[in-house]
Amino acid sequence: QRELKIASAVMAARCRLAARFHHVHGTNVRLDASRTLATRVESFANGLCFSQEPLAPGQIFLVEIEEKELGWCGHLRVGLTAHDPQSLEVVPEYSLPDLVNMGDTWVFAITRSHNRVVVDGEEVQARGPPWEPFLLIERVRIPRDTLVGRSRPGRYSHILDDLYKMNVLPATARRSRIGVLYVPQPDGTADMHIVINGEDMGPSARGLPTARPLYAVVDVFASTKSVRVIPVDYGFPSLQTLCRLVIQKHIVHRLAIEGLDLPPLLKNFCQHE
């Protein structure tokens, strides 16, 4: 158990350091001072971004869709690449097909509907209850609460409550959270997994080389205008988080939280996170 705690602490520290974008990016991308917010300022392309550091095995690079732009077809694209962004003479215009055609790159286009990968001969694993505190992907355990995108309560937000209770927002909606990670396999390669709002989409790509550093790829493409990196703390959920999960499990919809006899800070945390 002590080794597990140490490993969790090391992963948490690494994730906090890596939870920002690389200074090398597409020509239409503008990063904020913290390099955690990437915004495409022109056109619909040249929005390619990378993680600041290569990912560790099982480490998820998670982003939240901050802003959308009407009038374009297509959505966010995410994946992994073995190319060090610093080594690129020119950042490609598109992740698909330009960066992928350079080889050693695996990118997955996020669609409005279903993104799950079904492999022949394998059964689709049923998603666990949304109040389970961890998402399990083979031997990787990730705190589920951080992975889930949530709409903000408003006049009509109760309409989304059935989705909210199942920890689901439409994959391309504002505040949807999308992450990418790789999981080592016994043969020395790795599988790439995409996680959307706390649900594992399955192995999007197989046979990735674990001997080379793998960077996250985030293509702020078309109708996706802006994304923010969300740090993931690998550890045990806080008491505040556990309280929120229990409260959300038992209420009719989020607007009912306002009438509960709760401390204001906890009430706000349940409503707006």
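**Exercise 1. Place K225 and work out what surrounds this residue.**

Start with the element: K225 sits in strand 13, where strands are DSSP runs of E with at least two residues, numbered from the N terminus. A quick word on the model: it's predicted, so local features need pLDDT of at least 70 and side-chain atom pairs count only at pLDDT 80 or more, while totals for chains, interfaces and linings use all residues. Residues are numbered from 1 along each chain as its sequence is written, and side-chain values use heavy atoms, with hydrogens and water left out.

Next, burial: K225 has a relative accessible area of 13%, so this lysine counts as buried (under 20%; exposed is over 50%, partly exposed in between; 1.4 Å probe, protein chains only).

Then the partners: leaving aside neighbours within four places in sequence, K225 is in contact (heavy atoms within 4.5 Å) with A38, T39, R40, V41, E67, K68, E69 and V220. Finally, the K225 side chain reaches the backbone oxygen of R40 at 2.8 Å.

**Exercise 2. Do the same for E199.**

E199 belongs to strand 11. With a relative accessible area of 16%, E199 is buried. Its side chain and that of R116 are joined by a polar contact of 2.9 Å (N or O atoms within 3.5 Å, one able to donate a hydrogen and the other to accept it; residues adjacent in sequence count only if both atoms are side-chain atoms).

**Exercise 3. Find the hubs of the largest nonpolar core.**

A nonpolar core joins buried Ala, Val, Leu, Ile, Met, Phe, Trp, Tyr and Cys residues through side-chain atoms within 4.5 Å. The largest has 33 residues, and F21, F61, I194 and V218 touch the most other members. Strand 10 supplies the largest share, four residues.
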